[in-house]
Amino acid sequence: MEQLVAPTSKMGVDVRHTGEAGTTEIKVSAQNVDVFYGEKHAIKGVSVNVPARSVMAFIGPSGCGKSTFLRCINRMNDTIEGCKVTGNIRLDDRDIYDANLDVVELRARVGMVFQKPNPFPKSIFENVAYGPRIHGLVHGKADLDAIVEQSLRKAALWEEVKDRLKEPGTGLSGGQQQRLCIARAIAVNPEVILMDEPCSALDPIATARVEELIDELRQNYTIIIVTHSMQQAARVSQQTAFFHLGILVETGSTEFIFTNPHDQRTQDYITGRFG
Amino acid sequence: MLGTALLLILGMSIVAFIVGRASGRRFLRASGSSIHSLPSYHGLFVAVWVGVPALVLVLLWAALSGTIVDSLLLASLPDSMTTGVTGAGLDLVLSEIKNVAAGLLFGEPRPEIVEAAARLNRWDALAGWAMVVVVFALMIVAFAVARTRLAPRFRARNAFERWLSGLMIAASVGAILVTVGIVVSLLVESLAFFRMVPIGEFLFGLNWEPQMPIRADQVAGLGAFGAVPVFLGTIVIATVATLFAAPVGLFTAIYLVEYASERVRSVVKPVLEVLAGVPTIVYGFFAVLTVAPAIRSTGNSLGLAASPNSALAAGVVMGIMLIPFISSLSDDALRAVPRSLRDGSLAIGATRAETVRKVMLAAALPGIMGGVLLAVSRAIGETMIVVMAAGLIATLTINPLDSVTTVTVQIVTLLIGDTAFDSPKTLAAFALGLVLFLTTLLLNVIALRIVNRYREKYD
Ligand SMILES: Nc1ncnc2c1ncn2[C@@H]1O[C@H](COP(=O)(O)OP(=O)(O)OP(=O)(O)O)[C@@H](O)[C@H]1O
Ligand SMILES: [Mg+2]
């Protein structure tokens, strides 16, 4: 992934795609995506490519459509009444808005972690086992135990909860709950993990743990993270996309966006002149 | 006289308000913004000082003067009329005097009575005028006292606030006292019943035949007061109703919350509300004329003997009555489940049905349970449907195709027709009422506790 961090020299015609590496495998590709909430045009012609096995950060002022766009990628916008998505979004080159595509299967491949930790009112074990169970990924108790342990280990939570798996997930601290939600998401072995401000309800220590975790997870998963913290975006992501008023203003390698943005709006935003 | 007094109080309060407000305005002109309260609070302050104590006095007077005048009147009667006469006899004499005093003459009253009636009229007039005078004096005194307290820095606003909160406390204490009074009267009558019929026999006896004679010329059974068949009948009907209403109501709620579009919801919800507003007597008709015959003929064609008034008919119709109740409480419970939980489940790839079953219901279960318990307690206390559709004979059975009777039905039948409040037949109604009250109270307390505990979790 190293070549992604270094700004490439070729950025001629399309300034908005600064520093994009043409050679890497593209996991998620969006072309001309528009989203409407009833009359409201929330996302306007957004096109972006997300490279596989890396972290891409979505940044931008509040209300610019980061969450909305994120929800297009696992079709969670379908659950919002009056929300309409047009354009083309591909996962591994397959149109996810295709009529033949099974949404349930898509969401198993594209996991999501929410802004506020939302463990189910069940035991820690049941929270993690939920996904594998409903998708029939396991055969037998031993199998399930193994998946739960593995997921909790990957989420760096195993050591803290291995003796209390039967206790309710809602009894954990906020940071632990968020890692539990991450474990829950990776238990179904997704390919992409969407994270919508996963640390905004956490203290700095818990945030650091989650960031560490994200850094490890990118070995195996493609991660898209929405964040309001410039530092966080700089720390965890390789790619950054800057949204403004429903438009994708600029996207490119994180280092490039943060040191040498092309657009005045991007510069103003990351230097804190508006937001 | 009472009317005059009340009008007087109203008039005086208004005058007091105007005077108080005028003082407030004067303070405002004199000392400008350093006045503590708005002029209208000065007015209100004086007005409540004048009005409220006077009102309390009038009400007390009206409540007590009757008995005082009565006892004075009795004391003034010649000994020949009162010696040896007690209780009901004295009441009879008193009411005769009052009738005569009001100008209602039956035959030729005794001269002592006529004399007493004249005395009564005189005293009543006197008492009335005395009340008006005393109240007026009280208001003048209160007015003077309140006036002296007014000053630019006087905190009329806070003082009025104290009066208001006192008024609200008085109102709630009044409501509680009424409730306590009802319970006490229930208790007293029940205790009278348990002196005649042992409490053990009432609670555990298997034979209920309360229609015993209360006059010598009536022909009836000897009376047996074992209430188990009545309790059992109530339980059977309430169970049928709950088994019918709980799933239907719950599924309705799930449909409305999870699946129905805005358009469908805007039709179904009002319809359910209409269902909740149908008078229970209409449900009763429906049970008697439609459901019971249908159940009977279905039962017969299946080779099952169903009695014309089956517990099933009453229970099912009662269940229909409970559907909107359960569905709206379950609806609330399901809606209170945070959207984030639902989204969390959907985002893992669960279908809607899986999400409802495994996450929403699990989270909303306490609320739903509470709702069902409240519905059960309504089913137990429901009267009209069972009076019309359930039977009168207390049979010891749990077969829903049999005719059974319920606690409420028995209370109604025991208090209809000849009643005498010293017969076990009549008093049994109070014992049943007490059991009913305690049961529904218990159910409501449990239900509310469950519902509240679950509220705390998400708010
Ligand atoms: N369910 C909805 N119905 C209608 N409008 C919506 C809905 N969700 C979002 N919007 C609108 O769409 C726009 C984009 O919202 P979105 O939540 O995607 O912003 P965001 O960038 O995630 O903001 P934040 O950083 O505050 O989370 C906003 O103007 C918002 O008001
Ligand atoms: Mg957002």
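How much area do chain B and chain A bury between them, and what share of it lies on carbon and sulfur atoms? In this predicted model, the two chains bury about 1,700 Å² between them, with 62% of that area on carbon and sulfur atoms. The contact draws 20 residues from chain B and 22 residues from chain A. On the side of chain B, Ala347(B), Ile348(B) and Lys358(B) together supply 35% of the area that this chain buries against chain A, which is more than any other three residues.

The polar side of this interface can be described by two counts. Between chain B and chain A there are 0 salt bridges, while 5 residue pairs, both members at pLDDT 80 or more, are found in polar contact across the interface. The elements of chain B that give two or more residues to the side touching chain A are helix 9 (262–277), helix 12 (339–348) and helix 13 (352–381), and of these helix 12 of chain B gives the most, with 9 residues. Sorted by class, the side of chain B that touches chain A consists of 8 nonpolar, 6 polar and 6 charged residues.

Within chain B, another packing arrangement can be followed between two helices. Helix 2 (residues 39–76) of chain B and helix 4 (residues 88–101) of chain B pack at an angle of about 100 degrees, and their axes are 11 Å apart. Because angles of 65 to 115 degrees count as roughly perpendicular, helix 2 of chain B is described as roughly perpendicular to helix 4 of chain B. Helix 2 of chain B brings Asp70(B), Leu73(B) and Leu74(B) to this contact, and helix 4 of chain B brings Leu90(B), Leu94(B), Ile97(B) and Lys98(B). By class, the contact between these two helices has 5 nonpolar and 2 charged residues, with no polar ones.

Chain A, finally, offers two backbone details. Most residues other than glycine have a negative phi. Asn32(A), which is not a glycine, nevertheless has a positive phi of about 50 degrees, and its place is in strand 1 (residues 26–37) of chain A. Asp92(A), also a residue other than glycine, has a positive phi near 50 degrees, and Asp92(A) lies in the loop between strand 4 (83–91) and strand 5 (94–95) of chain A.

How values were computed
Residues are numbered from 1 along each chain as its sequence is written. Chains are lettered from A and ligands numbered from 1 in the order in which they are written. This is a predicted model: local features need pLDDT of at least 70, side-chain atom pairs count only at pLDDT 80 or more; totals for chains, interfaces and linings use all residues. Side-chain values use heavy atoms; hydrogens and water are left out. Axes are lines fitted to C-alpha atoms, for helices over the stretch in contact, and angles run from 0 to 180 degrees between N-to-C directions. Helices (H or I, at least four residues) and strands (E, at least two) are DSSP runs, numbered from the N terminus. Angles under 35 degrees count as roughly parallel, over 145 as roughly antiparallel, 65 to 115 as roughly perpendicular and the rest as oblique. Contact means heavy atoms within 4.5 Å. Ala, Val, Leu, Ile, Met, Phe, Trp, Tyr, Cys and Pro count as nonpolar, Asp, Glu, Lys and Arg as charged, and the others, Gly among them, as polar. Buried area is the accessible area (1.4 Å probe) that two parts lose on being put together, summed over both. A salt bridge is a side-chain nitrogen of Lys or Arg within 4 Å of a carboxyl oxygen of Asp or Glu. A polar contact is a pair of N or O atoms within 3.5 Å; within protein, one must be able to donate a hydrogen and the other to accept it, and residues adjacent in sequence count only if both atoms are side-chain atoms.
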